[in-house]
Amino acid sequence: MRLDRLKILIVDDNKHTRLLLAQILRAVGITQTVEAGDGAEGLQALRNHAIDIVLTDLAMEPVDGVAFVRMLRAAHDSPSHMVPVVMITGHATLKRIAEARDAGVNEFMAKPITARGVLERLALVIDHPRPFIRSDDYFGPDRRRRHDPKYAGPWRRASDAGEVRSVEL
């Protein structure tokens with residue numbers, strides 16, 4: 001990974017968390033960071049900068065991380081529909097994680113934030129990107145993570161329809 005070439009957007013309403021993430025990124029060789037205080041500022045930052053990866057908090061005011069990712073993935077004027085998004089949260093309930101996943105988040109990282117956790121999530125979105133899927137009500141990375149070696153068909157669920165397709169990255 002050529003980390004020194006990456007430009008990372010950090011979206012968090014807590015200034016101290018943004019500072020911590022920026023310091024961790026600098027420590028691993030990522031010097032190009034852009035910061036935003038909420039999802040609305042994050043979308044504007046994406047319009048103004050060529051961002052490679054977004055690190056965003058889940059719980060923010062006034063525009064939270066889930067709303068930010070929904071706008072990023074679904075809005076017709078979105079500046080970057082396919083940018084990888086790592087959701088950082090101290091609220092790791094199954095309901096909130098499923099909500100973020102269904103909005104189009106690529107990876108999750110639970111607080112407390114560690115350098116190891118940041119590097120692991122960056123490696124996942126860089127070295128093992130998931131294909132993007134478009135359906136009637138979803139656009140984002142493939143939400144299916146489990147590989148079933150017994151499955152032999154083209155679809156993984158009985159409700160899968162032919163209109164679901166991969167989008168090349």
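## Close-up views of a predicted model

**View 1. Five strands make up an open sheet with parallel pairing.** Read across the sheet, the strands come in the order E2-E1-E3-E4-E5. Strand E2 (32–36) and strand E5 (107–110) stand at the edges with a single partner strand each, so one side of each has no neighbour in the sheet. Neighbouring strands here are turned by 20° against each other on average, direction ignored. As a reminder, strands of a sheet pair through backbone hydrogen bonds, in either a parallel or an antiparallel way. Please keep in mind that this is a predicted model.

**View 2. Strand E4 meets E5 in the parallel sense.** E4 covers residues 85–89, and four bridges link this strand to E5. Which residue of E5 is the bridge partner of Val-86? That partner is Glu-107. Both Val-86 and Glu-107 turn up again in the next view, as contacts of Arg-121.

**View 3. Arg-121 sits in helix H5.** The helix spans residues 115–127. Is Arg-121 buried or exposed? With a relative accessibility of 19%, Arg-121 counts as buried, because the cut-off for buried is under 20%. Once neighbours within four places in sequence are set aside, Arg-121 is in contact with Val-86, Glu-107, Phe-108 and Met-109.

**View 4. Helix H2 lies across three strands, E1, E2 and E3.** H2 is made of residues 39–48, while E1 takes in 7–11 and E3 takes in 53–57. The helix runs at about 160° to E1.

**View 5. The second largest pocket holds about 170 Å³ of space.** Its lining includes Arg-70, Arg-73 and Ala-74, together with His-81, Asp-102 and Ala-103. Arg-134, Ser-135, Asp-137, Tyr-138 and Phe-139 also belong to the lining. Helix H3 (65–74) and helix H4 (94–103) are the elements that give two or more residues to this lining. Which element gives the most? It is H3, with three residues.

**View 6. Stepping back, the whole chain has five helices and eight strands.** Starting at the N terminus, the elements follow the order β-α-β-α-β-α-β-α-β-α-β-β-β. The chain has 169 residues, and 41% of them count as buried. Among contacts with a separation of 6 or more, 64% join residues 24 or more positions apart. About 9,500 Å² of the chain is exposed, with carbon and sulfur atoms supplying 51% of that area.

Note on methods:
Residues numbered from 1 in each chain as written. Predicted model: local features only at pLDDT ≥ 70, side-chain atom pairs only at ≥ 80, totals over all residues. Heavy atoms only, no water. Pairing = 2+ DSSP bridges. Axes fitted to C-alpha atoms, helices over the stretch in contact; angles between N-to-C directions. Contact = heavy atoms within 4.5 Å. Buried < 20%, exposed > 50% of the residue type's maximum accessible area, 1.4 Å probe, protein only. Areas by Shrake-Rupley, 256 points an atom, 1.4 Å probe, with all protein chains shown as cover. 1 Å grid on protein atoms, 1.4 Å probe; cavity = no way out; pocket = protein on both sides within 12 Å on 5 of 7 lines; lining within 4 Å. Points joined across faces, edges and corners; volume = space filled by probe spheres on them.
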